[in-house]
Amino acid sequence: MSAAAARRTVLAAQGFADSRPTGEVDRRHLQRVLGRTKLLQLDSVNVAVRAHYMPVYSRLGAYSPELLDAAAWPDGQRARGRKSRLLVEYWAHEASLVPVRDWPLLRWRMRQYGSASQRRYRDLLERSPSLIDDVLAAVKEIGPVGAGRLERELGGGQRQGRGPWWNRTDTKRACELLFATGELTTGTRRGFERLYELPERVLPPEILSADFEEDEAVRGLVERSAHALGVATEADLRDYYRLSPAQSRKAVAELVDGGVLEPVAVRGWDRQAYRHARARTPRAVTGRALLCPFDPLVWERSRTERVFGFRYRIEIYVPRPQRVYGYYVFPFLLDGQLVARVDLKADRAAGVLRVPGAFSEPGSDIGRVASELAAALREMAAWLQLGEVAVGERGDLAEPLRQAA
């Protein structure tokens, strides 16, 4: 298949060929997006908007973030919350929200963490042999609860036990260990603080009782990756759920044998690709969308460059003088191409969406890009309840964007 056809296949798989709702966005629309992306990455950076909210906005337009909150962290009685919960947190592509029905597909990873914990947490387990049981008992009694309160409840807060996890206390490390092994999960969040809870008070009984052998679970995850990506290399498929090469290659071969994946050669790609048997390739993809750095369309940087010819690196950890484009840069998708990028910051105190830098891609129509991008930024500002857009000085697109905005 041609590179252009592959690109349209990728965009359709991620939901960018779907029509946007004309009325209020509801739970059905959210489920449609989740059916495309399969998961939403969580990240603590809140410069513009938290990472898990933005991919839904990029595909649906303005919606209430409370809709996603209710799907991931429903309030009310625990039994009622289990029935209304669409998403649960776990390590998938980094820290992620995954559909509740997919949680059992990650049990093999929980078991792996359990085995590895004997080595990784040896110092903690030797120093505080009862801490794991104490944390579980405390969560059972008072959960959902944050690590800070658990420290106080357990008389902790001792700092001599700082380990390699960003100077976390022993209690926090114990919570994260129990989360990784599946003995705790996130009941809800307060701000962005995780409040730990027992899985049986969060997940339905049929999910808790479901289990799969590792090979079957990995095969299910790779099939989901392929459905979300449309056409992809084995390395792309592997990255979506951060699988090992051995796991992924075996699953890909089995899915090819089963007719789920079709080997294809994409002109211009330097490696074998695989197309999901149900992937569609529209004749054209139109519309515009701003993409956060953690959007699944662009989070694997080598794939982004291969599919779109767009070299993208996140520069959060780059010293300011060495940044090329800015701290938190959003690619701009227009009619199936990545045509620009903008550094964004939500200045909530001033009620302004700030654009310190704006940069066009080579060969793009700067006048049209500026007009479409200005409209997209105004829409995003309104969604974030910010009153205006303020464009800075950096980048070749800054002046035409300022005029268009």
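Start by selecting helix H1 and colouring its buried residues: Ala5, Ala6, Arg7, Thr9, Val10, Leu11, Ala12 and Ala13. Keep in mind as you click that this is a predicted model. H1 covers residues 3–13, and because eight of its eleven residues are buried, the helix is largely enclosed by the rest of the structure. To see what does the covering, add helix H2 (27–37), helix H12 (214–229), strand E6 (231–233), helix H15 (301–308), E10 and E11, which are among the elements over those buried residues. Then step just past the end of H1 to glycine 15, where phi is positive at about 95 degrees.

**Next stop: strands E10, E11 and E12**

Two of the elements that cover H1, namely E10 and E11, are worth a selection of their own. Pick residues 329–334 for E10 and you will find this strand paired with E11 in the antiparallel sense, over six bridges. The two strands form a hairpin with two residues between them. In that turn, click on aspartate 335, which has a positive phi of about 50 degrees.

Now extend the selection to residues 337–347, which is E11. How many of its eleven residues are buried? Nine are, so call this strand mostly covered.

Carry on to E12, residues 352–360, which pairs with E11 in the antiparallel sense over seven bridges. For a single pair to display here, show alanine 346 with its bridge partner in E12, leucine 353. E11 and E12 also make a hairpin, with four residues between them. The turn holds glycine 351, whose phi is positive at about 70 degrees.

**Zoom in: phenylalanine 332**

Go back to E10 and centre the view on phenylalanine 332, which is found in that strand. Is this residue buried or exposed? Phenylalanine 332 is buried, because its relative accessible area is 0% and buried means under 20%. Its bridge partner in E11 is alanine 340.

Show the neighbours next. Leaving aside residues up to four places away in sequence, phenylalanine 332 touches these:

- Arg288, Ala289 and Leu290
- Gln337, Leu338, Val339 and Ala340
- Val369, Glu372, Leu373 and Ala376

With alanine 340 you have a residue that is both the bridge partner of phenylalanine 332 and on its list of contacts.

**Across to helix H10**

Draw a distance from the C-alpha of phenylalanine 332 to that of lysine 172: the two are 38 Å apart in space and 160 residues apart in sequence. Lysine 172 is one of the buried residues of H10, so select residues 170–180 to show the whole helix. Eleven of its eleven residues are buried. The buried set includes charged-type side chains to display as sticks, among them Asp170, Lys172, Arg173 and Glu176, along with others such as Leu177, Leu178 and Phe179. After H10 comes glycine 182, with a positive phi near 85 degrees.

**Zoom out: the whole chain**

Finally, reset the view and colour by secondary structure: the protein chain has 17 helices and 13 strands. Its C-alpha atoms fill a box of roughly 65 × 55 × 45 Å along the principal axes. The radius of gyration is 22 Å, which agrees with the value near 22 Å for a compact globule of 405 residues.

Switch to a surface, and about 17,900 Å² is exposed, with carbon and sulfur atoms supplying 48% of it. Of the 405 residues, 56% count as buried. If you display the charges, the mean positions of the 63 positive and 52 negative ones are 1 Å apart.

How values were computed:
Residues are numbered from 1 along each chain as its sequence is written. This is a predicted model: local features need pLDDT of at least 70, side-chain atom pairs count only at pLDDT 80 or more; totals for chains, interfaces and linings use all residues. Side-chain values use heavy atoms; hydrogens and water are left out. The radius of gyration is taken over C-alpha atoms; the globule rule is 2.2 Å times the number of residues to the power 0.38. Buried means under 20% relative accessible area, exposed over 50%, partly exposed in between (1.4 Å probe, protein chains only). Accessible areas come from the Shrake-Rupley method with a 1.4 Å probe; for residues, only the protein chains shown count as cover. Lys and Arg count as positive and Asp and Glu as negative; His and the chain ends are not counted. The place of a charge is taken as NZ of Lys, CZ of Arg, CG of Asp or CD of Glu. Two strands pair if DSSP finds at least two bridges between them. Contact means heavy atoms within 4.5 Å.
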